[in-house]
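This report describes selected features of one structure for a computational chemist. The topics are the pairing of strands, the connection between them, and a metal site.

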Amino acid sequence: MNGLPARRLLLVHAHPDDESINNGATMAKYAAEGVHVALVTCTLGEEGEVIPPGLAHLAADRDDTLGVHRVGELADAMAELGVRDHRFLGGPGRYRDSGMMGAPQNHRPEAFWSAEVDEAAAYLVEVMRELRPQVLVTYDPDGGYGHPDHIQAHRVAMRAAELAAETAYRRDLGEPHAVGKIYWNRVPRSVVEEGFARLRATEGASPFPGLASPEDVPGVVADERITAEIDADEAFVAAKAAAMRAHATQIAVDGPFFALSNDLAQPLFTREYYELAEGRPGAPAGSREHDLFAGVEA
Ligand SMILES: [Zn+2]
């Protein structure tokens, strides 16, 4: 179909950098296997805080040019992961970063949080009907940690999957397509606890002034809820770290740890975890899939 590879994976994220932190190893692994990996990012991340002092002028309360800069960071990150298809929902700048929950920016007309879900979903329906992914990856209903753009990305992705399959919906956007499996980004609680224990044990060796806490990690759930685990080769984990580094205004990486603009160290997870939200599991009940395409017909 459309000359695309047999296996196709679509990821929907809120800001540039979310894809590398959550799914970098998964994306690099599947891209290397010849899967068509496509990323749709919903905003340019204009409201992010800036880490390097030399780039502080880009921030929203100064030059307000961070969005354009982050388009470049995302392109560099995708080059590290070997992912060639990355797009912005409705085109670059269609939706703006809404800032943290409760911020006045939430209610700007162009903010993604202000978007009408069905209108935003239509842009994604067009992508789904073009690429016909068997697998969709996005956030849980809380967006992992309650950020308005992450919650909205979840709503838009789930709604688009529904609409893309509806035969009567907007045939001008392409032939109907039903996504086979939908996953939400997750981290098992035991992995978070183990990661922070490792971090505390090496404190002092870390260049960051403080430690984050397990509550700072998005999408943490009880281990039993994890249905898929991607244990990618070292090369793909290295690609993930390089992709995270490419988002230099947002992330500082040091060995097995990284920090966001709050300067608090947290573990860089080498394995990535998912919860199957829709579709048939490709592994027996009680065991984890090791391939997001398990059980999917190409
Ligand atoms: Zn984000």
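## Strand pairing

In this predicted model, strand 4 and strand 5 (residues 181–188) run parallel and are joined by 4 bridges. Within this pairing, Leu-136 stands opposite Ile-182 of strand 5. Strand 4 also pairs with strand 1 (residues 8–13), again in the parallel sense, over 3 bridges. Here Leu-11 is the residue that stands opposite Val-137 of strand 4.

In a regular strand, side chains alternate between the two faces of the sheet. Strand 4 (residues 135–138) is covered on both faces. Val-135 and Val-137 lie on one side, Leu-136 and Thr-138 lie on the other, and all of these are buried.

## The β-α-β unit

Strand 4, helix 4 and strand 5 form a β-α-β unit, and this unit is right-handed. Helix 4 comprises 18 residues, 148–165. From its first C-alpha to its last, helix 4 reaches 26 Å, close to the 26 Å expected at 1.5 Å a residue. Of the 18 residues in helix 4, 14 are buried, and the helix is therefore described as mostly covered, given that buried means under 20% relative accessible area.

## A polar contact from strand 5

Asn-185 is located in strand 5. Its relative accessibility is 6%, so Asn-185 counts as buried. The side chain of Asn-185 is joined to that of Asn-23 by a polar contact of 2.6 Å.

## The zinc site

Which atoms coordinate the zinc ion? The donors are ND1 of His-15, two OD atoms of Asp-18, and NE2 of His-150, at 2.1 to 2.5 Å. Along the sequence, the donor residues follow the spacing H-x2-D-x131-H. Two of these residues may be characterised further by their accessibility. His-15 has a relative accessible area of 5% and is therefore buried. Asp-18, at 8%, is likewise buried.

Why is the site of the zinc ion irregular? The angles among its 4 donor atoms extend from 55 to 143°. Four donors count as tetrahedral if all angles lie between 85 and 135 degrees, and the range of 55 to 143° passes both limits, so the tetrahedral class does not apply. A square planar assignment requires opposite donors over 155 degrees apart, which the upper value of 143° does not reach, and the site is therefore irregular. For reference, the ideal angle at a metal with four tetrahedral donors is 109.5 degrees.

Notes:
Residues are numbered from 1 along each chain as its sequence is written. This is a predicted model: local features need pLDDT of at least 70, side-chain atom pairs count only at pLDDT 80 or more; totals for chains, interfaces and linings use all residues. Side-chain values use heavy atoms; hydrogens and water are left out. Donors are N, O and S atoms within 2.8 Å of the metal (3.2 Å for Na, K and Ca); water is not among the atoms, so sites may look incomplete. Four donors count as tetrahedral if all angles lie between 85 and 135 degrees; four count as square planar and six as octahedral if opposite donors are over 155 degrees apart and all others between 65 and 115; anything else is irregular. Buried means under 20% relative accessible area, exposed over 50%, partly exposed in between (1.4 Å probe, protein chains only). Helices (H or I, at least four residues) and strands (E, at least two) are DSSP runs, numbered from the N terminus. The expected span of a helix is 1.5 Å times one less than its number of residues. Two strands pair if DSSP finds at least two bridges between them. A crossover is right-handed if, with the strands pointing away from the viewer, the path from the first strand over the helix to the second runs clockwise. A polar contact is a pair of N or O atoms within 3.5 Å; within protein, one must be able to donate a hydrogen and the other to accept it, and residues adjacent in sequence count only if both atoms are side-chain atoms.
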